[in-house]
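The following exercises concern the architecture of a single protein chain. Each task is followed by a solution in steps.

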Amino acid sequence: MRKPDGSVRPVRIAVVMPAGPHDDIADTLASVVQYTDPSRIIVVIDDTGSFAGTTARARDLCGDIAVIAAPPGAPGTYGGLWVKLAVGYTWVLDRFRPQIILRMDADALMLGGGIETAAEQAFACDRSIGMLGSYRIDPDGEPRDFSPAARILRAEEGLRGLVHPRCRSRVRHYARLARRNGYVPGEHALGAAYIHSFQAASRLHQAGWFREPRLAPASLGEDHLMALLTIAAGFRIGDFGGPADPLALRWHGLPAHPAELLAGVKLITHSVRSWGDLTEGQIRSIFAEARAAAGCTRGAEP
């Protein structure tokens, strides 16, 4: 938190997580608490309509979790979700100085420790990178297709965007800035989980770009918008979700069987909603058993 002298508290990692009414937020938070550095702050943006209940469940896990209400006037997903996330980023950066910020869905899970070190090393290797995620290649090594997002952007900048003229004006403004920095229309890191450096997030924060409620009606996904703003601020996106990288992400369902993910080098996966015939409850149970075994192993070490 902000100290009495007005300075902010340094932490190694901040986690920003939106929570909806059908999310098993307690299980996801348990994975984050177990596998992140104790120098942390975890912020849940409560979009459940049961703010008090989410707060109580979070406090049962650890004292490093803050639950804040989703802002009014930002319904649903797409631009509305971006506005919610921007409120979470703002809350963090007003009070803390995290080395990295991990944005993570409530149906993602942490599978192991070390995401901080992996991200810090990636950012240190290339200072122009401000965002890491499942970017140009997916967990199988296949190229990701940015053309659907590019089509939405063209529509937002074109006549269709006139339905929400203030939103259209802001999208066009950020797209112009991003194109000057080499932006490829539609490029983005998958929204399930991505990581910002403090330098990139701080630049957006200081520019006031996280205070843009006019983006709420946008048809672009929150990940499309976050990538657009990051590049507009002068940073690039880096691959962090390929076959040898820490992120194993799919838009729908897991990218591999839970046992395969646990046997590999993956630290975060998405989505635990399904894999083959396995239900979300069964998938979460498999990963929870692995967390419990890992906790027992650490506890037994001298």
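**Exercise 1. The surroundings of Ala30**

Ala30 is found in helix H1, residues 25-35. The model is a predicted one. Determine whether Ala30 is buried, partly exposed or exposed, and state which residues Ala30 touches beyond four places away in sequence.

Solution.
- Step 1. The relative accessible area of Ala30 is 22%. Buried requires under 20% and exposed over 50%, with partly exposed in between, so Ala30 is partly exposed.
- Step 2. Leaving out residues up to four places away in sequence, Ala30 touches Leu61 and Arg291.
- Step 3. Ala30 and Cys62 are separated by 32 residues in sequence, and their C-alpha atoms lie 9.1 Å apart.

**Exercise 2. The chain as a whole**

Describe the chain by its secondary structure, its radius of gyration and its contacts.

Solution.
- Step 1. The chain comprises 10 helices and 10 strands.
- Step 2. The radius of gyration is 19 Å, close to the 19 Å that the globule rule gives for 302 residues, so the chain is as compact as a globular protein of that length.
- Step 3. The C-alpha trace spans about 60 × 50 × 40 Å along its principal axes.
- Step 4. Of the 302 residues, 54% count as buried.
- Step 5. Among contacts between residues at least 6 apart in sequence, 72% join residues at least 24 apart.

**Exercise 3. The nonpolar cores**

Identify the residues of the largest nonpolar core that touch the most other members, and find which element gives the largest share of this core.

Solution.
- Step 1. The core has 54 residues, and those touching the most other members are Trp82, Tyr89, Trp91, Trp209, Phe210 and Met226.
- Step 2. Elements giving two or more residues to this core include strand E1 (9-19), strand E2 (40-46), helix H3 (79-95), helix H6 (165-180) and helix H8 (222-232).
- Step 3. H3 gives the largest share, 9 residues.
- Step 4. Met226 touches Trp82, Leu85, Tyr89, Met131, Tyr194, His196 and Phe210, when residues up to four places away in sequence are not counted.
- Step 5. Apart from this core lies another, of 35 residues, among them Leu29, Ala58, Ala119 and Ile195.

As a general background, nonpolar side chains in soluble globular proteins tend to be buried together.

**Exercise 4. Packing of H5 and H7**

State which elements the buried residues of H5 pack against, and do likewise for H7.

Solution.
- Step 1. In helix H5 (147-157), the buried residues are Ala149, Ala150, Leu153, Ala155, Glu156 and Glu157.
- Step 2. The buried residues of H5 pack against H6 and H8.
- Step 3. In H7, the buried residues are Phe198, Ala200, Ala201, Ser202, Leu204 and His205.
- Step 4. The buried residues of H7 pack against H3, E4, strand E6 (129-133), strand E7 (193-197) and H8.
- Step 5. Just after H7, Gly208 has a positive phi of about 80°.

**Exercise 5. Pockets**

For the largest pocket, give the volume, the residues closest to the centre and the classes of the lining residues. Then treat the second largest pocket.

Solution.
- Step 1. The volume of the largest pocket is about 1,100 Å³.
- Step 2. Its lining counts 41 residues, of which Leu81, Asp105, Glu222, Asp223 and Trp251 are the closest to its centre.
- Step 3. At least two lining residues come from each of E1, H3, H5 and H8.
- Step 4. By class, the lining of the largest pocket has 14 nonpolar, 14 polar and 13 charged residues.
- Step 5. The second largest pocket holds about 200 Å³ of space. Of its 13 lining residues, Gln99, Phe123, Arg127, Ser197 and Gln199 lie nearest its centre.
- Step 6. The lining of the second largest pocket draws two or more residues from each of E4, helix H4 (115-125) and H7, and E4 gives the largest share, 4 residues.
- Step 7. The lining of the second largest pocket divides into 7 nonpolar, 3 polar and 3 charged residues.

**Exercise 6. The cavity**

How many cavities of 30 Å³ or more does the structure hold, and which residues line the largest cavity?

Solution.
- Step 1. The structure holds 1 cavity of 30 Å³ or more, and the volume of the largest cavity is about 40 Å³.
- Step 2. The largest cavity is lined by Ala149, Leu153, Tyr183, Gly186, Glu187, Leu220, His224 and Leu228.
- Step 3. H5 and H8 each give at least two residues to this lining.
- Step 4. The lining of the largest cavity has 5 nonpolar, 2 polar and 1 charged residues.

Notes:
Residues are numbered from 1 along each chain as its sequence is written. This is a predicted model: local features need pLDDT of at least 70, side-chain atom pairs count only at pLDDT 80 or more; totals for chains, interfaces and linings use all residues. Side-chain values use heavy atoms; hydrogens and water are left out. A nonpolar core is a set of buried Ala, Val, Leu, Ile, Met, Phe, Trp, Tyr and Cys residues joined through side-chain atoms within 4.5 Å. Buried means under 20% relative accessible area, exposed over 50%, partly exposed in between (1.4 Å probe, protein chains only). Contact means heavy atoms within 4.5 Å. On a 1 Å grid over the protein atoms alone, a cavity is a set of points where a 1.4 Å probe fits but cannot get out, and a pocket is an open set with protein on both sides within 12 Å along at least five of seven lines; lining residues have an atom within 4 Å of a point. Grid points are joined across faces, edges and corners, and a volume is the space filled by probe spheres set on the points. Ala, Val, Leu, Ile, Met, Phe, Trp, Tyr, Cys and Pro count as nonpolar, Asp, Glu, Lys and Arg as charged, and the others, Gly among them, as polar. The radius of gyration is taken over C-alpha atoms; the globule rule is 2.2 Å times the number of residues to the power 0.38.
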